[in-house]
Amino acid sequence: MSSASPGAAGVDPSVPAGVVELVGLAAYTELAEFGLLAARSVDAPTLAARQALADGAARALTRQHALLALVTDGSADAAAVVVAPFDGAFVDFDMRTRTDVWAEGLLKGVVGHGVAQDFCRTLAVGVQGHVGTSLRTVLERPAPGREAEAAAGADAEAVRLLDEVAAADEVLASRLALWGRRVVGEALSLVTTFVDARPHLTALAGDSARTLGVDADPRAWLVSRLTAEHTRRMDRLRLAA
C-alpha cells in the first residue's frame, strides 16, 4: 500500500508524511465504523435500536470529516488521496470475522474498529505541534460516565445495546465473550501487519512510547497497550475478555 504524502493536491505540505498517514488510517477507520453501524441499524431488533445506531453512524462520519480537515483543504479529491492508501485494509479482517448473528456483527464493530481507533489514539500521543493537539482532541475518548454525550465515540450506542442484550441473555453473553476473543485476535494481527508494513507508523509508535516515558520495544508495547484497552472495553460490556 502506498502512502499519501504532503504536497499532494489539497494536502497540507507542512504536515509530516507519517502524520498524514495516521490521519488517513483514522479517517478510514471512522468510515468503516459508519458503514458497519449503518448496516446494523437496518436489521436492528427495535426502532429505538435502529435510531441509536443511525445516530452513531452519523457521528462516525462527522469525526471522519473533522480528521480530514486537519491535513487537507476539505475537498473530496484531497480526502480521497489521504484515505486511499487504506482502501481495502479491513477486507481480510472482515472475511475472517464474518457472521450472520446481529449481536456478533455489532460486537465485531465495537471490538475490531475499537482496536483500530485505540491504535490511532496511541500513535497520536507522539505527534507534535498544533496538528498533534488537534488530532488528539478529535480522537479523545470521553470521560467515564459520559459515553452517551455528543462528544462520545461513534460506538457509544452499540456498546449500550450490546450491554442490554448480554444482560438479558446469559447464553448469548457467553457466546459474545468468546466471539470478542476471536475478533480481538484478528484485530491485533491486523495492527501488527500495519506496523510491520508501514515505517511511518512504526516511528510514531516509538515516538508515543518515548513521550509516555516507556522504554520498550514499540511493537510489543503497542500490542500490550491495545490488549489492555480491549479488556477495559469488554469490562464496559460486562463480558469476559
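Helices, which are DSSP runs of H or I with at least four residues, are numbered from the N terminus, and the expected span of a helix is 1.5 Å times one less than its number of residues. What we have here is a predicted model, in which local features need pLDDT of at least 70 and side-chain atom pairs count only at pLDDT 80 or more, while totals for chains, interfaces and linings use all residues. Residues are numbered from 1 along each chain as its sequence is written, and side-chain values use heavy atoms, with hydrogens and water left out.

Let me start with α2. This helix covers residues 47-69, and because its 23 residues at 1.5 Å each should span 33 Å, the 33 Å between its end C-alpha atoms agrees. Its buried residues (under 20% relative accessible area, with a 1.4 Å probe and protein chains only) include A49, L53, R59, R63 and L68. The buried residues of α2 pack against α1, α3, α5, α6 and α7, where a contact means heavy atoms within 4.5 Å.

Now to α7 and α8. Their axes, which are lines fitted to C-alpha atoms over the stretch in contact, with angles from 0 to 180 degrees between N-to-C directions, come within 5 Å and cross at roughly 125°. That makes α7 oblique to α8, since oblique is what remains outside under 35, over 145 and 65 to 115 degrees. In this pairing, L162, V165, A166 and A168 of α7 meet E170, L172, A173 and L176 of α8.

Finally, confidence: pLDDT is the predictor's confidence in each residue, from 0 to 100, and its mean over the protein is 88.

Definitions and conventions
Helices (H or I, at least four residues) and strands (E, at least two) are DSSP runs, numbered from the N terminus. Buried means under 20% relative accessible area, exposed over 50%, partly exposed in between (1.4 Å probe, protein chains only).
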